[in-house]
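Me: Please take a close look at a single strand in this model. I want its place in the sheet, its partners and its side chains.

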Amino acid sequence: MKITVLALEHVFDTGLATVLDALDTANELARVTGMSTPGFEVTVVGVRQQVHTARGLQIPVRDVCEAPTPEWVIVPALGYKMPDQLVPGLSNDDIVDALPVLRAWAKDGARIAAACTGTFVLAESGLLDGHEATTTWWLSPLFRQRYSDVQLDAHRIVVPSGAVLTAGAALSHLDLTLWLIRQNSPELAMLAAKYLVFDTRPSQSAYAISDHLAHADPLVERFDRWARERLDTSITLDAAADALATSKRTLSRRLNEVLGKTPIEYIQDLRIERAIHLLKTSKHSVDHIAEQVGYADGVTLRTLLRRRIGKGVREIRMP
């Protein structure tokens, strides 16, 4: 598998290193175990002769024009972590010049992958339009506002969709790379994960901080505050709209625009978030915690936890 890693100026150090180290580990494990797999030919390229990471380290890169035709292109994250840094950063010459290169690779049949804030670069190119995708959970409101033609599902860690592949926040670079290794050899991907001491994570939901997301909009923030105070009660959309002096339609629309969720879905997120906190910090029974977060019984809570974050009560309570 010929993989080109596109290193852009201000690339996230950990993201770039994770991709390269995981692929190198897979190649070495295949060699020492005699595993029958084609392996990975990795080339790091840039649109400039010199590329520096967010930490200021210089990355040796080949010019994109001299690199072999890739089967896959990986765009690691940029080192911009918050919207006030990321938005202007997307206008940098390095990124602007990379967009037609990405489109040309895709036109020639290459498949394109990106993780964390690298998904914003991929979205800027237009290659995500009409596709499902994920992104950094805390930047999902910004992503939704900028790229309305992308079907965003920020719950998921890795989302393959047609010829594009996206992964969530920061260390999901490893999830993305193992997904690619798995396409070559499931056995090798499993072995690499063991050597890297890595467990598969089906969702970002367990890591998302709802309060952080809610601050993206004043009405959503007020709804968040109001709902948190009533999680142990029966919450209705009528009551929420009346309390916030708005209409049900307006509240639903704003939540969808900012979070991509209905009010009921967001309330469920808050209940799951609080339940996880209580499971980790108290010795209350599951039935008692379910009652505190508005569910009828522990069975319902257990089912939702397994469905939403892929973990059971015992796993969550493990120190």
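**Strand E11 in its sheet**

Reply: Start with the sheet. In this predicted model, seven strands make up an open sheet with mixed pairing, ordered E5-E2-E1-E6-E7-E11-E10. Two strands sit at the edges, E5 (62-63) and E10 (158-161), and each of them pairs on one side only. E11 stands between E7 and E10 in that order.

Take the E7 side. Strand E7 covers residues 111-115, and strand E11 covers residues 164-167. The two run parallel and are joined by four bridges. Ile112 has Val164 of E11 as its bridge partner. Ala115 stands opposite Ala167 in E11.

Now the E10 side. Here the pairing is antiparallel, again with four bridges. Pro160 stands opposite Leu165 in E11. E10 and E11 form a hairpin, with two residues between the strands. Gly162 lies in that turn and has a positive phi of about 60°. In general, sheet strands pair through backbone hydrogen bonds, in either the parallel or the antiparallel sense.

Next, the side chains. In a regular strand they alternate between the two faces of the sheet. E11 is covered on both faces. Val164 and Thr166 are buried on one side. Leu165 and Ala167 are buried on the other.

Last, a helix that meets the neighbour E7. Helix H3 (residues 93-107) lies across E7, and also across E1 (2-6), E2 (41-46) and E6 (72-75). H3 runs at about 165° to E1.

Methods. Residues numbered from 1 in each chain as written. Predicted model: local features only at pLDDT ≥ 70, side-chain atom pairs only at ≥ 80, totals over all residues. Heavy atoms only, no water. Pairing = 2+ DSSP bridges. Contact = heavy atoms within 4.5 Å. Axes fitted to C-alpha atoms, helices over the stretch in contact; angles between N-to-C directions. Buried < 20%, exposed > 50% of the residue type's maximum accessible area, 1.4 Å probe, protein only.
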